[in-house]
Each structure stands twice: as C-alpha cells, then as structure tokens.
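Visitor: Please give me a close look at the surroundings of the ligand, and tell me the cut-offs behind each term as you go.

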Amino acid sequence: MNTTFLDACFSKKTPYTPVWYMRQAGRYLPEYRKLKERYTILEIIKIPELAAKVSLQPIDILHVDAAILFADIMIPLLGAGVDLEIVENIGPVIKHPIQSLEDVQKLHSLEPQQDIPYLLETIHILMKELKGKVPLIGFSAAPFTLASYLIEGKPTRDFIKTKSFMYTDTKAWNLLLQKLSDMIIVYLQSQINAGVQALQLFDSWIGALSEYDYQKYVLPHTKRIFETLKKHETIPLIHFGTNTAGMLATFASVPCDVVSIDWRISLAKAWQKIGYEKAIQGNLDPVLLLSDFSLIKTQVDTIFDSLPKKEGYIFNLGHGVLPNTPVENLMKLTEYVHNKK
Ligand code: CP3
C-alpha cells in the first residue's frame, strides 16, 4: 500500500512528498466531461459505479497519492431531505433558505444507511478497486460553510444574510450549527465505517469571518466535530479553509492532524503560526495551472525552498482545480513534485 500520504499527515518521514489535488475528480478531465453530457452531478453521485469511476480517474491519469470520494458538500443535506439543486457554473441552490428559529428546528437529522446508501456503496466499490494502491479521503463541509448555503440559498460573495443571522439570532444560529455538527459527525462516522482512510473538513468560506467571530460563533462547533472524530487514531483529520491567513493559529487550534493553507500566505509563515507539530497541505494558486509550466515550476521551487522541514508536508493547491486547467500541467506537476529532493 502507498502510505506516503497517510504518513505525511502524521508528520512521519516519507520517501517523497505526497501529492493530491482538491477537485482532482472533475471538469478539467475529458473523461468526466463525457459523463456529464449524459448525467447531472447529483445523478453521478447517486450511481455508485459511476461515482467510483470518477474518483479513480485522477489516480490513473495523474498518479496522485490519494483518492477523494466523489460527492459534494451538499449530500448530507440532500440525504436529510433539504430541497436543493446544484446548478452548473453557479453551485448549490436551496429552494427554501433558512430564515428563522422555526426553520432551524425543522431541519431533519441524517441516517446514512437509510438516507445515503449510494454514498456508502461508492466507498465500498472504491475500497475494492483501489486495493490499497492509494488511500481514500472522505469529506464533509464544516458547519459554517453548510450554514452559509442554507441561509443564503445560493453562493454569495459577502455573506450578509449568514452573518446577520449569526449576530441577530444567535440562539437559532447556535442551534443550527449544533444540528449541522451532529449531522456532519454522523456523516463522517459512516464514511469511516465504510472504509475511508482520511477525512477532510471543508470550511471553504470561513474567511468571511473575523478571528474574533470565528472564535465566538464557530470554533466550539468545529472543535466538537474534530474531538469526536479524533478517537479513530489511524484516520488523519485535515482542516481546510480559505482566506484564513489572519486567523491561522485559531483555525488550527482544533485537534486536527493537517491544516490546509491557501496561497494568500507563504507556507513558511503559515507553519510558524500553526506550530510544527501539525502537518500542512497546500498551497499553489490554482490559477497558476492555466499558465506556462516553466512558471509553475519556479513557484513550486519557491514553495519547497521556503519549507523549514519536509516531514509533514503534503503538496496540494490552495483551493480546488479550476475547470479549464490543462490536464498536461497537472500530470507534469505531480511528476515534478514527486521527483523533488
Ligand atoms: O475531486 C473532488 O474534490 C471530489 C469531489 C467534490 C465535488 N465538490 C464535486 C463537484 C468535492 C470535494 C466538492 C466539495 C465542494 N462542493 C465544496 C468544498 C470545496 C471547495 O471548492 O471549497 C464546495 C464549496 C462545494 C459546493 C459546490 N458544488 C460548488 C461551489 C460547485 C461548483 C459549481 C460550478 O458548476 O461551478 C459545485 C458543483 C460541483 N461539485 C462540481 C463538482 C465536480 C462541478 C459541477 C458539475 O460537475 O456538475
């Protein structure tokens, strides 16, 4: 089994730097786009054979060191009966956004075996197909990011409704985050039981908050999720956020093994703020992959030159792969990082 990725998550020495990419299964791959001519993303996710196939594509094409389950952050909500769609080029859209305490009270809990059997089946297929070739990463959104979609009803840039709800109806906000945290814990436990070997919690939009508000309105909930999952000692936990440069020490204070960093801060500075006992992942700007490979190489060199140590470093982008990324660049990048001394 290729344990390079798992070993790096636990800050162990590895023969080379492991690589995987957020959104490595997706639209930049012609093989995926072909499937998308016939199926919507939710249809693919609900057909385990197809979802597993999509997860495996980047392993064969890019030779990355981990697979990620093909799903979306909205799946637990879909399983719990929330009426939603994933609209092409826009993102998740909720039919009846949450506006009040009553709306929060109506949110159902999740019973994975019953509500999302297809997802568990996808994991079973992947475990069989991967045969330990590389580990499988499971994931969920963090409570703030899920709450933001539920309250805004669609992607947003300023999070005004979300933050107003948080400031003015704090009781309902805390109940919402508590219910979402329960849902996320059950969801991730079911992924572990089905076989995933690592977990990433995506708090994609957490950078909309100040450090003070993060600490006050979100951290206790996120912390509970990590504390509960930490009992699985062999499963590394990755905390992902963007725009976190101003609150990294706090963001990293949950009991996670790895912190994922975006490109807005250098890894050297980030690691110093986080503390060297945790592993880090990141942080090339995904837009760079649309440029010439010589420039990409220079920036990868800069990242590696800045690292105070190699143990506990996982190469990734600062956020997901963009749809118009040339596959060739990702193939070359993976090989370049693998050969880097
Ligand atoms: O390869 C992988 O990373 C696994 C699959 C994956 C998807 N979504 C599939 C997907 C993962 C890990 C996600 C997580 C996700 N979904 C996040 C967190 C990661 C991040 O990027 O911050 C978020 C915020 C979402 C919500 C979401 N779903 C958005 C913003 C979009 C893009 C909408 C668009 O069309 O531009 C989606 C749709 C989505 N999820 C796609 C994929 C491959 C693209 C649309 C499609 O294929 O139909």
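**Around the ligand**

Guide: Happily, and let us start with the framework: seven strands form an open sheet in the order 1-4-5-6-7-8-9, paired in parallel. Its edges are strand 1 (67-68) and strand 9 (313-317), each of which pairs on one side only. Helices (DSSP H or I, at least four residues) and strands (DSSP E, at least two) are runs numbered from the N terminus, and two strands pair if DSSP finds at least two bridges between them.

A word on conventions: this is a predicted model, in which local features need pLDDT of at least 70 and side-chain atom pairs count only at pLDDT 80 or more, while totals for chains, interfaces and linings use all residues. Residues are numbered from 1 along each chain as its sequence is written, and side-chain values use heavy atoms, with hydrogens and water left out.

Now to the site. The ligand sits in the largest pocket. Here a pocket is an open set of points on a 1 Å grid over the protein atoms alone, where a 1.4 Å probe fits, with protein on both sides within 12 Å along at least five of seven lines; a molecule sits in it if more than half of its atoms lie within 2 Å of its grid points.

The ligand is surrounded by 28 residues, the closest being Tyr32, Lys36, Asn89, Ser204 and His319; a residue is near if one of its heavy atoms lies within 4 Å. This shell divides into 18 nonpolar, five polar and five charged residues, where Ala, Val, Leu, Ile, Met, Phe, Trp, Tyr, Cys and Pro count as nonpolar, Asp, Glu, Lys and Arg as charged, and the others, Gly among them, as polar.

For polar contacts (N or O pairs within 3.5 Å), oxygen atoms of the ligand give three examples. One lies 2.2 Å from a side-chain N or O atom of lysine 36, one 2.6 Å from a side-chain N or O atom of histidine 319, and one 2.7 Å from a polar backbone atom of arginine 23. The protein buries 93% of the 860 Å² that the ligand exposes when taken alone (Shrake-Rupley areas, 1.4 Å probe).

Arginine 23 belongs to the loop between helix 1 (4-9) and helix 2, and its phi is positive, near 60°, although the residue is not glycine.

Helix 2 (30-36), strand 2 (84-87) and strand 3 (91-94) each supply at least two shell residues. Strands 2 and 3 run antiparallel, joined by four bridges: glutamate 85 stands opposite valine 93, and valine 87 has glycine 91 as its bridge partner. Three residues lie between the strands of this hairpin, where asparagine 89 takes a positive phi near 65°.

Definitions and conventions: Polar contact = N/O pair within 3.5 Å; in protein donor to acceptor, adjacent residues only side chain to side chain. 1 Å grid on protein atoms, 1.4 Å probe; cavity = no way out; pocket = protein on both sides within 12 Å on 5 of 7 lines; lining within 4 Å.
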